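Let's walk through this model together, starting from a single residue and working outwards. Please keep the sequence and the 3D view open as you read.

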Amino acid sequence: LLVLRVPGLAAEAQLALLGAFGPIVDESRDGSGWTLVSNVEPGGVLGEGEFLFHSDLEFTDAPLRVLSLYALELPAAPTATRFASTARAAAHLDADLRDRLAGRRALHVFPLLEARGDRRYRLAEVDPGAARAEHPVLLEHPVTGAPLLYTSAMQTDSVVGLPEAES
């Protein structure tokens, strides 16, 4: 997590900065390279309510290595946004659970037509064209090689091969 305090950063400058980390994924739908993520501003892509814990775009074939958020407005009080370390989560798994998850894959789904974040997405309940991808439950960090617990409350449908209740 890298926090930069750069008030007034133009969208083009943010894109140029991000380009230093690698190719930019443009999910804007209009070719601008950015999307307004808001639950209060008109045109924002979030509905009302708090999002469940998730990893952005974990339902894509290649997990993101870098994600950028630029705050247009910062409230005086802390927000509900929280960040978690998937490396720390993996390191704190008990040995039995770690062994049970070793080599297993998780199925992640996201209903592009609905795009809500306040409930868990399940393959049986999303539209047939919903984005989906499988990734190792214990994904390897691309630089350090450390295991990362790559599941979430919002987008992980199941751990492949485990009974529903256990998954």
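**From one residue to the whole chain**

Ala106 has a relative accessibility of 0%, so this residue counts as buried (buried means under 20% relative accessible area, exposed over 50%, and partly exposed in between, with a 1.4 Å probe and protein chains only). Before going further, a word on the ground rules: this is a predicted model, in which local features need pLDDT of at least 70 and side-chain atom pairs count only at pLDDT 80 or more, while totals for chains, interfaces and linings use all residues. Residues are numbered from 1 along each chain as its sequence is written, and side-chain values use heavy atoms, with hydrogens and water left out.

Where does Ala106 sit? Its home is strand E1, residues 105–110 (helices, H or I with at least four residues, and strands, E with at least two, are DSSP runs numbered from the N terminus). The strand as a whole is mostly covered, with 5 of its 6 residues buried. Setting aside neighbours within four places in sequence, Ala106 has contacts that include Ala133, Glu134 and His135, as well as Thr156, Ser158 and Val159 (contact means heavy atoms within 4.5 Å). Thr156 is 50 residues away from Ala106 along the chain, yet their C-alpha atoms are separated by 6.6 Å.

Now look at the sheet around this strand. It is an open sheet of 3 strands in the order E2-E1-E5, with antiparallel pairing (two strands pair if DSSP finds at least two bridges between them). Strand E2 (131–136) and strand E5 (156–159) stand at the edges with a single partner strand each, so one side of each has no neighbour in the sheet. On average, neighbouring strands of this sheet are turned by 20° against each other, direction ignored (axes are lines fitted to C-alpha atoms, for helices over the stretch in contact, and angles run from 0 to 180 degrees between N-to-C directions).

The pairings can be followed on either side of E1. Between E1 and E2 there are 6 antiparallel bridges, and between E1 and E5 there are 3, also antiparallel. Leu107 is a handy residue to click on here: its bridge partner in E2 is Glu134, and in E5 it stands opposite Ser158. In a regular strand, side chains alternate between the two faces of the sheet.

For another stop, turn to Gln14, which belongs to helix H1, residues 11–19. Is Gln14 buried or exposed? Its relative accessible area is 14%, so Gln14 is buried. Beyond its neighbours within four places in sequence, Gln14 is in contact with Leu9, Ser68, Leu69 and Tyr70. Ala87, by contrast, lies 73 residues from Gln14 along the chain, with 27 Å between the two C-alpha atoms.

Finally, zoom out. The chain has 3 helices and 5 strands, and along the sequence they follow the pattern α-α-α-β-β-β-β-β. Its C-alpha atoms fill a box of roughly 50 × 35 × 35 Å, taken along the principal axes. Of the 167 residues, 23% count as buried. Among the contacts in the chain with a separation of 6 or more, 67% come from residues 24 or more positions apart.
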